[in-house]
Amino acid sequence: MKPPKRLKHDVTKRVAATIADNHLLKDGDRVIVGVSGGADSVALLCILQAIEIKLQLIAVYVDHGLRPAEVPFEIETISERCKALKVPFIVEPIDVLLFAGREKRSVEDSARFLRYKVFHKLLALHSAQAIAVGHNADDQVEEFFLRAIRGSSRKSLSGMEVRNSTIIRPLLHLCKPELTGYLEKNNIPWCMDSSNLEREFLRNRVRLDLLPLLRKDFNASIGKTILRNMDILREEERYLEAHTVEAYQKCISPDIRPVEGTNGKQLRIRSEPFLNYHPAIQRRIVEKCCWKMKSKASYEQIRSLIELIDKGSNGAEVHLPAGLRVERNEGGITFSRPLPPGQTRGSAEPAKLQTKNIPGPGTYHFNEINKQLTLEEVATVNSTRSENEELHIDLATIDFPLVCRTSLPGERFHPLGAPGTKKITRFYNDRKIPAKKRASCPVLFSGNRVIALPGLEIAEGHKVSKATTSTLRIGWVTINKHDRKNS
């Protein structure tokens, strides 16, 4: 964000410089301008019409339904100004109190959410290029204290940007007295919003109580000091974000696919590169994952996720808002929404493998767990395992049909190279397979003998030897739902 020079230009030229330096608008752009009737938004509308860039402005007043006695005068004031400027004017009503009660959100937060929803609707309807709002430098200082009081990250404390996607803030480097001075100089009327004096809103208490106290008893130039600090935070944030993006790309598994029964995509952080980074970068990687999964995690939740990837046992979970679950598994943690749509509490039932009879070589789909078993007769190989985790057994040691199912309590097999038999559950423990995952682990039987645990190990009595003349290759892979076929 490039601030314009303050001393050499009047208000209009400084706003034009901000627009040009930050590439906010160009000739011919259509702009939705949020106009509440207050000094900031009225000045914004007038300045955008006065600058040399030729814009197609559409002024929008959002009636929040909160101040019915003041709304008619505000609409009349804006309407008269729009007529003088030859700018189209739209009034959009919203019911903030109804929404706040239904969604259990604050009135202030609900008003902001619905207001921007209106702006974005009109942006699309009129094929506009930007939404212009009247935030100024004083708003920026207030926002700093609001976010600090509520608890925020470095990025949040660095404040608003002049551009956030389609939202632009051309007045962000001007203070309130400069804007009211511009309006007075040009004999332009504006309205006073009585809700700005109501101390039930935290923002008003910051503006009316906290900042005057700080100016009086601590620092007369507190506003300038905070703005300078925000500039420093913003530059440091950009530096850290660049390093975070690089680290994020190295830590996130690129080949994660949705698993059957989950609601949406997954993200996986690999512990090996992740734990080598500084804690500051680790926090930002985790936070970025949460944002990408459309969930906002608190400080404590992010700390819990870092502990999960560092010290958590396989199968351990952290539950985040909106049904997001983060599970520790071999080599990292996985973000997913395993619950049915509409359910946000509790844990998902583990996927269970259904028993399937295997009449001969071929491909067999286990859609309930999004897996595929492939059996193929191949020429003799020199090893029992290939690089892609396929297993090989001596075909002469088995008889079709085979059966693929989960293990029963107490069932044993003789792992390849082991001195004797071992309970399958003990084998799973050794391989650090979480208990809730075992219902989807396949066991392949020939008669009543275990011949292999597909994807894991074969039984000693079925290994490939020098006497082997034909081999059965066993593949166990995750499948894409678009590639499924009924077996």
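Contact here means heavy atoms within 4.5 Å. I'll use that word a good deal, so it comes before the rest.

What you have above is a predicted model, in which local features need pLDDT of at least 70 and side-chain atom pairs count only at pLDDT 80 or more, while totals for chains, interfaces and linings use all residues. Residues are numbered from 1 along each chain as its sequence is written, and side-chain values use heavy atoms, with hydrogens and water left out.

I'll start with one residue, Leu210. Leu210 sits in helix α9, residues 202-217. Helices are DSSP runs of H or I with at least four residues, strands are runs of E with at least two, and both are numbered from the N terminus. Setting aside neighbours within four places in sequence, Leu210 has contacts with Phe145, Ile149 and Arg205. Its relative accessible area is 27%, so Leu210 is partly exposed. On that scale, buried is under 20% relative accessible area, exposed is over 50%, and partly exposed is in between, using a 1.4 Å probe and protein chains only. From Leu210 to Gln56 is 40 Å, C-alpha to C-alpha, with their positions 154 residues apart in sequence.

Now set that beside Leu174, in the loop between β6 (167-168) and α8 (176-185). Leu174 is buried, at 3% relative accessible area. Val11 is 163 residues away along the chain, yet the C-alpha atoms of Leu174 and Val11 are 7.9 Å apart. Beyond four places in sequence, the contacts of Leu174 include Val11, Arg14, Val15 and Asn136.

Next, the whole chain. It has 14 helices and 21 strands. The radius of gyration is 32 Å, well over the 23 Å that the globule rule gives for 487 residues, so the chain is more spread out than a compact globule. That radius is taken over C-alpha atoms, and the rule is 2.2 Å times the number of residues to the power 0.38. Along the principal axes, the C-alpha atoms fill a box of roughly 100 × 45 × 40 Å.

How much of the chain is buried? Buried residues are 45% of the 487. Of the contacts between residues at least 6 apart in sequence, 66% join residues at least 24 apart. The exposed area is about 26000 Å², and carbon and sulfur atoms supply 52% of that area. The areas come from the Shrake-Rupley method with a 1.4 Å probe; for residues, only the protein chains shown count as cover.

On charge, there are 76 positive and 58 negative side chains, and the centres of the two sets are 2 Å apart. Lys and Arg count as positive, Asp and Glu as negative, and His and the chain ends are not counted. Each charge is placed at NZ of Lys, CZ of Arg, CG of Asp or CD of Glu.

Two helices next. Helix α2, residues 39-50, has twelve residues that should span 16 Å at 1.5 Å a residue, and its end C-alpha atoms are 16 Å apart, which agrees. The expected span is 1.5 Å times one less than the number of residues. Ten of the twelve residues in α2 are buried, so the helix is largely enclosed by the rest of the structure. Among the buried ones are Asp40, Ser41 and Cys46.

Helix α12, residues 279-292, has 14 residues and reaches 20 Å from first C-alpha to last, close to the 20 Å expected. Its buried residues include Arg284, Lys288, Cys289 and Cys290. Among the elements covering the buried residues of α12 are α10 (222-251), α13 (299-311) and β10 (332-336). Just after α12, Lys294 takes a positive phi of about 60°.

That leads to backbone geometry. Most residues other than glycine have a negative phi, and most peptide bonds are trans. His23, in the loop between α1 (11-21) and β1 (30-34), has a phi near 55°. His23 is exposed, at 65% relative accessible area. Ala322 has a phi near 60° and lies in the loop between β8 (317-319) and β9 (325-329). At 46% relative accessibility, Ala322 is partly exposed.

Which two residues does a cis peptide bond join? They are Phe400 and Pro401, with omega about 0°. Pro401 is in the loop between β14 (391-394) and β15 (402-405).

Last, Thr471 in strand β21, residues 471-478. Thr471 is buried, with a relative accessible area of 0%. Leaving out residues up to four places away in sequence, Thr471 touches residues including Glu376, Glu377, His392 and Val464.
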